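This briefing covers internal space and helix packing in one protein chain. The points below are grouped by topic.

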Amino acid sequence: MPSEKTLLAKQEKVNELTELIKNSAAGVLVSYEGITVEEDTKLRKEMREAGVKYFVEKNTMLRFAFKNAGLDDITNVLEGTTAIAISNDDQTAPARILGKFVEDTKNEKFKLKAGYIGTEVYDEAGVTALSKIPSRDTLLAMLVGSLQGPMQKLAATLQALADKEGGDAA
């Protein structure tokens, strides 16, 4: 039987994880089995650069934290090795980075398990689909580009009309 001190430490850890999950925009669970230290270091660096927290945690602790956060549906994948990637800002960053990592390494043991955005839980297929969505900055750049084209055409047409009218008057 664990001591009271150990139980309090575990409860505190679960409370920290619960708050981390509740305050996050999105998260993804993976089975990290079979990756090399070099691959793990590269993945962690990419996660840090994107502002994503990535860490390994015991399934039991995650199970309690997800239940406390109201994400009970995700607890069914908490078996085997589990790492979690959590983003507070970008809803697709964890899925995008981990999905790309799965594609690039082609490691059959490293697998996406499940994920969430807000209170919506996604299975492996859903997380894979999320991983294909471009980043927010990329989407905004695409939007600006699509709006910029028609404006440039309008400006060129108006300039042509102005030049034509200016040329007739001379």
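The largest cavity in this predicted model holds about 40 Å³ of space. A search of the whole structure finds one cavity of 30 Å³ or more. Three helix pairs are then taken in turn: H1 with H3, H2 with H4, and H4 with H5.

**Cavity lining**

- The lining of the largest cavity consists of Ala 26, Gly 27, Val 28, Gln 91, Pro 94, Ala 95, Gly 115, Tyr 116, Ile 117 and Leu 130.
- Strand S1 (26-31), helix H4 (93-105) and strand S4 (111-117) are the elements that each give two or more residues to this lining.
- By class, the lining of the largest cavity has seven nonpolar residues, three polar ones and no charged ones.

**H1 and H3**

- Helix H1 spans residues 4-22 and helix H3 spans residues 59-68; their axes come within 8 Å and cross at roughly 50°.
- At that angle, H1 and H3 are therefore oblique to each other.
- The crossing in which H1 passes H3 is right-handed.
- On the H1 side, the contact is made by Lys 10, Lys 13, Val 14, Leu 17, Thr 18, Ile 21 and Lys 22.
- On the H3 side, the contact is made by Met 61, Leu 62, Phe 64, Ala 65, Phe 66 and Asn 68.
- Eight nonpolar, two polar and three charged residues make up the contact of H1 with H3.

**H2 and H4**

- Helix H2 (residues 37-49) packs with H4 at an angle of about 150°, and their axes are 11 Å apart.
- Angles over 145 degrees count as roughly antiparallel, and H2 and H4 are therefore roughly antiparallel to each other.
- H2 and H4 cross in a right-handed sense.
- Glu 39, Leu 43, Glu 46 and Met 47 of H2 meet Ile 97, Leu 98, Phe 101 and Thr 105 of H4.
- The contact of H2 with H4 comprises five nonpolar residues, one polar residue and two charged residues.

**H4 and H5**

- The axes of H4 and helix H5 (residues 124-131) come within 7 Å, with a crossing angle of roughly 95°.
- H4 and H5 are therefore roughly perpendicular to each other.
- From H4, the residues Ala 95, Arg 96 and Gly 99 meet Val 127, Leu 130 and Ser 131 from H5.
- Three nonpolar, two polar and one charged residues form the contact of H4 with H5.

**Residues in both topics**

- Ala 95 lines the largest cavity and, in H4, takes part in the contact with H5.
- Leu 130 likewise lines the largest cavity and belongs to the H5 side of the contact with H4.

Technical notes:
Residues numbered from 1 in each chain as written. Predicted model: local features only at pLDDT ≥ 70, side-chain atom pairs only at ≥ 80, totals over all residues. Heavy atoms only, no water. 1 Å grid on protein atoms, 1.4 Å probe; cavity = no way out; pocket = protein on both sides within 12 Å on 5 of 7 lines; lining within 4 Å. Points joined across faces, edges and corners; volume = space filled by probe spheres on them. Helix = DSSP H or I, 4+ residues; strand = E, 2+ residues; numbered from the N terminus. Nonpolar A, V, L, I, M, F, W, Y, C, P; charged D, E, K, R; others polar. Axes fitted to C-alpha atoms, helices over the stretch in contact; angles between N-to-C directions. Parallel < 35°, antiparallel > 145°, perpendicular 65-115°, else oblique. Left-handed = near helix turned anticlockwise from the far one by under 90°. Contact = heavy atoms within 4.5 Å.
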